[in-house]
Amino acid sequence: LAEYPKCNEELVDTKLEEKMEMVRTFVTLARASREEVNIKVRQPLKKIVLDERFKDKIEEFKDLIKEEINLKDIEYKKDLSEFMNYELKPNFKVAGSILGKHIKSFGNYLKDINAKDFVSKLDKSDLNIKLDDEDIDIKRDYVDVRINSKEGFDVTMQGDYFVILDTEITDELLMEGYARELVSKVQQMRKSNDFDVLDNIIIKIKPTDDIKKAIEQYEDFIKDETLTVDIIIDENVDGEDVDLNGENVKIEVIRK
């Protein structure tokens with residue numbers, strides 16, 4: 001029944017809000033990129049590449065972005081063209097009736113230019129070019145811009161924001177991904193078995209060779225995350241069949 005407190009406008013930090021909105025946009029785009037290439041968030045990846053002009057605004061939130069997307073690093077580049085290919089075509093729906101007989105020449109013109117530079121200039125203002133010996137003003141919506149990722153990367157964009165995801169999964173990242181997936185499955189099994197959150201457990205597992213290698217490398221991490229006192233490798237496990245990122249294993253969790 002108390003009076004609702006009045007807002008202190010002096011405490012509103014609009015610059016911080018703008019930065020956080022930018023961070024949220026990059027995280028959303030990176031997650032969409034993961035879905036596009038079918039890589040789970042629990043699988044660590046090496047890096048994303050962002051436009052260098054955003055560095056000053058989001059660098060202080062670098063650790064947050066890395067945690068949200070499960071990355072090892074964020075790299076900033078002034079020129080992003082090394083990660084993507086631009087393909088330009090006339091936007092026939094808009095430009096067809098306006099350019100008329102010049103539309104074919106316009107298509108040929110777009111094939112022979114530096115696509116990235118042309119689009120960058122067009123984003124700032126209309127451009128005057130010569131088509132069939134006539135000076136023609138070209139607007140941004142006359143051009144259909146298609147961006148394709150180069151091998152090993154996935155590009156996701158929203159307006160002026162680009163996120164370039166490094167999709168290469170090294171053996172080291174693969175092992176960590178298996179370990180994280182194992183932790184997730186064990187946590188689900190703890191919950192389904194009604195274990196108390198503080199209960200210690202033993203994990204019995206019949207692994208594949210890769211999962212066994214991941215357990216050896218990340219044993220302490222798996223134990224700490226799941227309150228496990230011992231991980232027993234056993235060919236005869238009376239447990240659940242589980243898919244760990246394509247590796248079929250059998251797991252049993254026992255309350256200690």
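Okay, let's start with one residue: Ile58 is buried, with a relative accessible area of 0%. You'll find Ile58 in helix α2. Keep in mind that this is a predicted model. From Ile58 we can hop over to Phe26, since their C-alpha atoms are separated by 9.9 Å, with the two positions 32 residues apart along the chain.

Before I go on, a word on confidence. The chain has a mean pLDDT of 92, and 100% of its residues reach 70 or more. If you rank the elements, helix α6, residues 115–124, comes out with the lowest mean pLDDT, at 83, while α8 has the highest, at 97. As a general habit, where pLDDT is low, don't read the predicted coordinates in detail.

Right, back to Phe26. How many aromatic pairs does the structure hold? Five. One of them is Phe26 with Phe54, an edge-to-face pair at 5.2 Å centre to centre, with 70° between the planes. That pair links distant parts of the chain: Phe26 sits in helix α1, residues 14–37, and Phe54 is in the loop between β1 (45–51) and α2 (55–58), 28 residues apart. So, buried or exposed, these two? Phe26 is buried, and Phe54 is buried as well. For Phe26 the call rests on a relative accessibility of 0%, and the cut-off for buried is under 20%.

Phe26 has another partner, Tyr161. Here too the geometry is edge-to-face, at 5.5 Å centre to centre and 80° between the planes. This pair also links distant parts of the chain, from Phe26 in helix α1 to Tyr161 in strand β8, residues 161–166, and the two are 135 residues apart. Tyr161 has a relative accessible area of 23%, so it counts as partly exposed. Put the pieces together and Phe26, Phe54 and Tyr161 form one aromatic cluster.

Okay, next topic: the nonpolar core. In soluble globular proteins, nonpolar side chains tend to be buried together. In this model the largest nonpolar core has 22 residues, and the members touching the most other members are Leu182, Ile203, Ile205, Ile222 and Ile251. Which elements each supply at least two residues of this core? Those are α7 (171–192), β9 (201–206), α8, β11 (240–244) and β12 (247–255). The largest share comes from α7, with seven residues.

Now for nonpolar side chains on the outside. Val197, Leu198 and Leu227 make a nonpolar surface patch of about 310 Å². Leu227 is in the loop between α8 (209–226) and β10 (228–233). With a relative accessibility of 30%, Leu227 counts as partly exposed.

Last stop, the charges. Side chains of opposite charge can pair when their charged atoms come close. The count here comes to 23 salt bridges, and I'll pick out a few.

Take Lys139 and Asp126, whose closest N and O atoms are 2.9 Å apart in their salt bridge. Why does this pair tie together separate parts of the chain? Because Lys139 lies in the loop between β5 (134–138) and β6 (143–149), while Asp126 lies in the loop between α6 and β4 (127–131), parts that are 13 residues apart in sequence. Both ends count as partly exposed, with Lys139 at 37% relative accessibility and Asp126 at 42%. One of the loops here borders α6, by the way, and that's the helix with the lowest mean pLDDT.

Then there's Asp241 with Lys250, where the closest N and O atoms are 3.8 Å apart. Asp241 is exposed, with a relative accessible area of 64%, whereas Lys250 is partly exposed at 26% relative accessibility.

Glu75 and Lys77 form another salt bridge, with the closest N and O atoms 3.7 Å apart. For a salt bridge the cut-off is within 4 Å, which is worth having in mind for the 3.8 Å and 3.7 Å contacts. Glu75 is partly exposed at 24% relative accessibility, and Lys77 is partly exposed too, with a relative accessible area of 27%.

And to finish, the charges aren't just in pairs: Lys40, Arg42 and Glu181 are linked in a network of salt bridges. That's what I've got, thanks.

Notes: Residues numbered from 1 in each chain as written. Heavy atoms only, no water. Patch = residues over 30% accessible without salt bridge, like charges linked within 9 Å, V, L, I, M, F, W, Y side chains within 5 Å. Areas by Shrake-Rupley, 256 points an atom, 1.4 Å probe, with all protein chains shown as cover. Helix = DSSP H or I, 4+ residues; strand = E, 2+ residues; numbered from the N terminus. Buried < 20%, exposed > 50% of the residue type's maximum accessible area, 1.4 Å probe, protein only. pLDDT = per-residue confidence, 0-100. Phe/Tyr/Trp six-rings, centres within 6.5 Å; stacked < 30°, edge-to-face > 60°. Core = buried A, V, L, I, M, F, W, Y, C linked by side-chain atoms within 4.5 Å.
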